[in-house]
Amino acid sequence: MSERLAEREKKADHPTPLRRNWRFQALWAGAGAANLGLEAVEVAYPLLILTLTGSPALAGLFGFVQVGTIVLVGLPAGVLVDRWDRRRVLLVAEASRALALGLVIVALVLDRITVAHLMAVAVVLGTGTAFGATARMLLIRAVVPPQQLTLALSQDEARGGVAALAGPPLGGALFVAARAYPFVAATIGFVISFGCALVVRVPKVRRPTPASAPASTTSAWGPLATVSSGLREVLGSKLLRVALLLICVFYLSLTAAILVVVVSLREQGTSAAMIGIALSGSAVGMLAGAALVPRLNTHLSPGVLLLCASALTTGAVGLLALRLGPWWVFAMLVAAALGLPALKILMDILIFRQTPDERRGQAVSATITLIGAGSPLGSLVGGLALQYLDVTRAVLLVAGIQGLITLAGLATRKVRDARWPEEA
């Protein structure tokens, strides 16, 4: 018996390298295929709607509906993912998204596609993302030892950066070849993700019995209290509150800055192709930032990491006020996005280490919901700023918002002195 115990302890101290952890690699490959297809089709949707209607407003409405669905479904999705088998949730999410895009392909082939159909697909994709992203994150946590979590999440962020960098040009090229091709590519990506999740088996997690559920869930306010429990989980910690605020404002700042930069580059007579290259700087920054995460998490406390990343974004966005051309924009967007992977992984680690497994789904979905609010707010702020200010002042306004949040975090002692928690 003692020999078996010693063997288990040895395996715990020296876990299998991630490159040989086939369950993690399968989930990673599936997520990469799905994200690449999704990024490609994100370009095709507005192009298709513009072709059908000629209306930029309807083209923008698709993204709003999709993101809005993620925000609305996010909190209840977290509750359900904690109650249901997470692998099955991911399988249903990927199958639903593949089926929805398959129906778009059929409608395009039959020349029966409508805007209403595309908006319905936006709802399905948003719902699938709300459930699938939370389930996949928890599955990764289930197949990776605690000491490898930072490295695993870093690789996951790198995958997202590659998809964000390669997906848009791929989608544009496929759409030029044929309108249905980007949707075929995305469908194949979801099918690959489904297949990868199908072969992965994860340890069963013991769920709390109904008898042991908190009393609040059986009261008249029970359903509402259950749905909001994820918010209470992440907002109950001051460090998590500040981290969420900083990341949400980061997305706000980056989204607003990109909108302002597009207007600025167009005023300077920059070609559409060069504008696309300039905007790819944010994806390059995320990809480079993901590679830095293990070192940053080792040498910096969570509070210092938060403040440094936010300060870097503040400076880079502010320097976009210097209208020095597309390559300057590219460089500043690289710098602005460099800290985002570290911030997102910081949030994930704090949640995984401080939240019991039976409530992690609610905490992860609440995080996705709160962070996701930053992008639509950024579009609103950027649009209003351009309505009433010139480009330079609009950029400085956005940088000022990020700077104020950074100063607020710097003034909070609990944030400055925060330390990495132990595993829950």
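Begin by selecting Phe250, Leu254, Ile258, Val261 and Leu265 in helix H9, and then add Pro326, Val329, Leu333, Ala336 and Ala337 in helix H13, since these are the residues through which the two helices meet. Sorted by class, this contact of H9 with H13 has 10 nonpolar residues, no polar residues and no charged residues. Bear in mind throughout the tour that the model is predicted.

Now display the helices themselves, H9 as residues 238-267 and H13 as residues 326-337, whose axes come within 12 Å and cross at roughly 175°. Because angles over 145 degrees count as roughly antiparallel, H9 is roughly antiparallel to H13.

The next stop concerns the aromatic rings, for which a search of the whole structure finds 2 pairs. Select Phe250 and Tyr251 for one of them, an edge-to-face pair with 5.8 Å from centre to centre and 85° between the planes. Phe250, which also belongs to the H9 side of the contact with H13, is buried, with a relative accessible area of 1%, and Tyr251 is buried as well, with a relative accessible area of 18%.

For another aromatic pair, select Trp327 and Phe330, which are edge-to-face with 5.8 Å between centres and 70° between the planes. These two residues are 3 apart in helix H13, so about one helical turn separates Trp327 from Phe330. Is Trp327 buried or exposed? With a relative accessible area of 54%, Trp327 is exposed.

Keep Phe330 on screen and add Val284, which lies in helix H11, residues 281-299. Leaving aside residues up to four places away in sequence, Val284 touches Leu165, Phe330 and Val334. Measuring from C-alpha to C-alpha in the viewer, you should find Val284 and Val334 5.9 Å apart in space, although their positions lie 50 residues apart in sequence numbering. Val284 has 26% relative accessibility and therefore counts as partly exposed.

Finally, move to Asn21, which is found in the loop between helix H1 (2-13) and helix H2 (22-53). Which residues does Asn21 touch, not counting those up to four places away in sequence? They are Thr16, Val143 and Val144. To see a polar approach here, show the side chain of Asn21 together with the backbone of Val143, where the backbone oxygen of Val143 lies 2.8 Å from a polar atom of that side chain. Although placed in a loop, Asn21 counts as buried, at 11% relative accessibility.

Key. Residues numbered from 1 in each chain as written. Predicted model: local features only at pLDDT ≥ 70, side-chain atom pairs only at ≥ 80, totals over all residues. Heavy atoms only, no water. Axes fitted to C-alpha atoms, helices over the stretch in contact; angles between N-to-C directions. Helix = DSSP H or I, 4+ residues; strand = E, 2+ residues; numbered from the N terminus. Parallel < 35°, antiparallel > 145°, perpendicular 65-115°, else oblique. Contact = heavy atoms within 4.5 Å. Nonpolar A, V, L, I, M, F, W, Y, C, P; charged D, E, K, R; others polar. Phe/Tyr/Trp six-rings, centres within 6.5 Å; stacked < 30°, edge-to-face > 60°. Buried < 20%, exposed > 50% of the residue type's maximum accessible area, 1.4 Å probe, protein only. Polar contact = N/O pair within 3.5 Å; in protein donor to acceptor, adjacent residues only side chain to side chain.
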